[in-house]
Each structure stands twice: as structure tokens, then as C-alpha cells.
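New to this one? Take a look at the structure first, and then we'll walk through a metal site, a cavity and a pocket.

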Amino acid sequence: MKLRLLTVALTLHLVGPGALTASGPIAERVLGRFLRYAAIPTQSKDQAGKVPSTDSQWTLARLLVEELKTVGLKDARVDSKCCVYATLPSNLPPGKAEKIPTIGLISHLDTSPDVPEGPIKPVIHRKYAGGDLALSNDRSRVLTVAENPLLKKQIGADIVTTDGTTLLGADDKAGIAEIVTALEELVANPGILHGTIKIAFTPDEEVGGSVDAFDVKGWGARYAYTVDGEQLGELSDQTFNASAGTVTFLGKNVHPGDAKGKMVNSLYAACRFVGELPRSIRPERVDGFEGYIHANAITGSEEKTTVKLLLRDFQRSGIQRKTALLERLLKRIQREFPGTKATLTVTESYRNMHDVLKDVPFVTDFAAEAMRSAGVTPVFKPVRGGTDGSDITFKGVPTPNLFTGGHNPHSRFEWISSRDMEKAVLTLVNLVRIWAEKGAGR
Ligand SMILES: [Zn+2]
């Protein structure tokens, strides 16, 4: 064992699993950090009317500033909106350093408000031997292999779960722990050459507030990566194009006792419209690269009924086709319900980052190469939603998403292994090294 670790340490420029530095194995250090961060509950809150939405995020932000300083990032700071920023300056020789673009790494401080908050008590299952994992003495709280077949790949690894009463917060404290540990590696191993690296830990990602708080332009990264994905190897440079639709049906109300020949009830037209939305493109029928139209709210009375819709498609032309489909359907419904007036408005929510990333394919390619160097097979996975990277990409910093190793986010059954976290750390170290080798002038 010692011999193997020593061999890897001597070839650290091509860091692989099991790598060792002066301060101990990576897997142990990233695990220790993760457990420290996870113990601080940082759930964000919807419509809190303030940034950050919860005070607990300050506690983690301040702790991270101190940790980043301890690691050696002298300018670490938290701003008035609870965004943590720091810089690891390039260690390339003058003349070369200026040619390498500044690379950003991003994770978020908050955890999802979808699971009840409470003291988070991570449970470490050392040297997993296989089989289902009991999260506590309560027999209803069991992490099963049937529902989590990827557990089979974790034999011998240390696995962290919750005690079944709260979420774990690997989304996205694993990402933070991995970034901080990667920085520690880079500082401890000056032989690994890299350009300037910018760090951002943002608040309120889970309630859609992080990009508003985040000064993307002032930050200074040319390209960036969110470390906020799930299983080992996940690499996402595609998100949905997303639009929100509102259909308003207007009718005419009169007293029902005196309604004959006069009343136009908007509820009937609206319900018919919802029923006629094509079944084949409803969310419960589609997967992979397929988009959907989803009716997610209906409110109304005789006079006025409003239907809310979500439109999703990986192609922008797909959103246009879905909009045209809705317009045709509304014309038909209006003919069927004389006197009803229907209007449709569609507004864009976010766009597929691939529209930008396809023109800079090396950003994703370098990430895939970094994974392979760490012994990880990249798994290209389209995000059937948006990421902070979608917004950041369209603010001028192309930003794909990398795995953290986490499973079952926003759930009491969240779990992660220190082996996968170590591979995420190695991926990040390899990534900035590859940028220093191949990124000149990009
Ligand atoms: Zn996340």
C-alpha cells in the first residue's frame, strides 16, 4: 500500500486515484471538509425578500473565507450578498501566464428547501461491504441497492448518508469541499502548473437567486465550470431552452338563473384546452433529449381562467414549434367555444448553454480529458432543467457542469462516497493543468 501511494505521489503531475500529498490522502481530506460543511444547515428559502434568503448561509460563507485563506488564497472574501470570492494566482512563468485564460470554479452554499430542516447528522459507512444501508434504527429508512444500483460500484469505499431525517447537502457542499481540496493540492504541489483560477461560492442557488447575487463580470473568469452535477463522470454542456406560457381565457358571466343564451363560461374552454394538450409530449411521457409542454397551474371562474404552462426543448426551434402548436390549438378551442377569447403569451426563462458552448468545444473537451486522466469515464448527460451555468454562460462566461459524486439530491436518501469525491478533486486538478498546457490564446 505504502509503495503504491509513494509511486503515485512521485508522478503527481498526472494525478490519479489514491494520490497522496504531505497532508494525507485526498479522500480523507475531502471527506473531512465535506462533513464539516454538511454539519452547517444552509437551506435557502423561497421568496424570503432578502439576499441571502437565510442567515445560516453567512455562517458557511465566513468559515469558507477562513479556510481559503488557510489554504493560501490571500484575497478570499465574502461580499455584501454572501458570495464568496477568491483567486489562486497563476504559477506559470511570466510571458506564459498571460496567455492562459482565467478559469473559474463555482459551487453553491445553500441546500434545497424541499426537505425539512433540522440538525444534519451525516452517517459514515466505512469500507462498504455491499447490500442495503440502514440509515438509522428506523427500518423504514433504508438505502436499497435495488433503488441505487450504483452502490454496487462502491464496495470498499467510505459512503456518507444522512440519518434519514434530513437531506445531506452533498448538493452542493460536496462541490465546495472538492474545489477547496483541489486548491490545497495545487498550492502544496507547485510542480503542477496552472493559470489564474477564480473561485465563487454563491448563495440561494436552489431558489433561483444565486446568479443575481453573483458579480459574473467583475469576477474575471474567461471560462468556468459549475461543480454541481451528480454521479461520477457526469459532464453536462446541454440544458433545456425554457419558456413559460400563460393562456388567458375570457368569458362572460351572468347570474346562472338567468344565463340561457348569455353566459360564456371560460372554465369549459380552459379545461378542454388542457385536456387537448398532446399526450405524447407531456413530461411523464418523455426523456433524454425530448422536450415537453407541461400544464402546471389552472385558476379561474366563469369570467376569466388562466392556465400556466412550461415549455422545454433542447432546440430553440423546438420551443417555436411548441408555441405554434399551442396557437393552433387555441384557434380550434375558440371555434368550439363561441364567445370565448383566448390569448397566449410566452416568455423565455433560460436558454440551452450549448448554443454558446458548441462554439468553444475545448471547454467541454478539456473537462472530459481531465476526467479520463483521473481514471473517470465521462458520462455526457443533458440537463433536463437549467443550471446556474446556463445563466453564467449567457452572461459571457461559458460554463459547463461537472460531477460531484452526489446521488439523490434534495432527498433524505442523498449519499456520496469519498472515493468519488477524491476523483472529483483529481479531475479539477487535472483540468487546470490541461488548461495551462493547451489553453494558450483560447
Ligand atoms: Zn446544486
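Here's a quick briefing, grouped by topic. Keep in mind that you're looking at a predicted model. A zinc ion is held by H108, D171 and D228. There's also 1 cavity of 30 Å³ or more, and the largest pocket takes up about 910 Å³.

**The zinc site**

- The atoms that coordinate the zinc ion are NE2 of H108, an OD atom of D171 and two entries for OD of D228, at 1.9 to 2.7 Å.
- Angles among the 4 donor atoms run from 52 to 148 degrees, and the site counts as irregular.
- That label applies because four donors count as tetrahedral if all angles lie between 85 and 135 degrees, while the angles here span 52 to 148 degrees.
- Along the sequence, the donor residues follow the spacing H-x62-D-x56-D.
- D171 belongs to helix α4 (residues 170–188), whereas D228 sits in the loop between β11 (223–227) and β12 (234–236), so the two together tie parts that are 57 residues apart in sequence.
- D171 is buried, at 15% relative accessible area.
- D228 is partly exposed, at 21% relative accessible area.

**The cavity**

- The largest cavity holds about 60 Å³ of space.
- Two of the zinc donors, H108 and D228, also turn up in the lining of the largest cavity.
- Other residues lining the largest cavity include I106, S107, T202, E205, T226 and N401.
- β5 (103–108) and α11 (388–394) are the elements that give two or more residues to this lining.
- β5 gives the most, with 3 residues.
- By class, the cavity lining has 1 nonpolar, 7 polar and 3 charged residues.

**The pocket**

- The lining of the largest pocket is made up of 35 residues, and nearest its centre are E205, E206, G385, G386 and T387.
- E205 and T387 are named for the pocket and also line the largest cavity.
- At least two lining residues each come from α4, α5 (210–213), β12 and α11.
- Helix α4, which carries the zinc donor D171, is therefore one of the elements that help line the pocket.
- α11 gives residues to the cavity lining and to the pocket lining as well.
- The pocket lining splits into 7 nonpolar, 14 polar and 14 charged residues.

Note on methods
Residues numbered from 1 in each chain as written. Predicted model: local features only at pLDDT ≥ 70, side-chain atom pairs only at ≥ 80, totals over all residues. Heavy atoms only, no water. Donors = N, O, S within 2.8 Å, 3.2 Å for Na, K, Ca; no water. Tetrahedral: all angles 85-135°; square planar, octahedral: opposite > 155°, others 65-115°. Helix = DSSP H or I, 4+ residues; strand = E, 2+ residues; numbered from the N terminus. Buried < 20%, exposed > 50% of the residue type's maximum accessible area, 1.4 Å probe, protein only. 1 Å grid on protein atoms, 1.4 Å probe; cavity = no way out; pocket = protein on both sides within 12 Å on 5 of 7 lines; lining within 4 Å. Points joined across faces, edges and corners; volume = space filled by probe spheres on them. Nonpolar A, V, L, I, M, F, W, Y, C, P; charged D, E, K, R; others polar.
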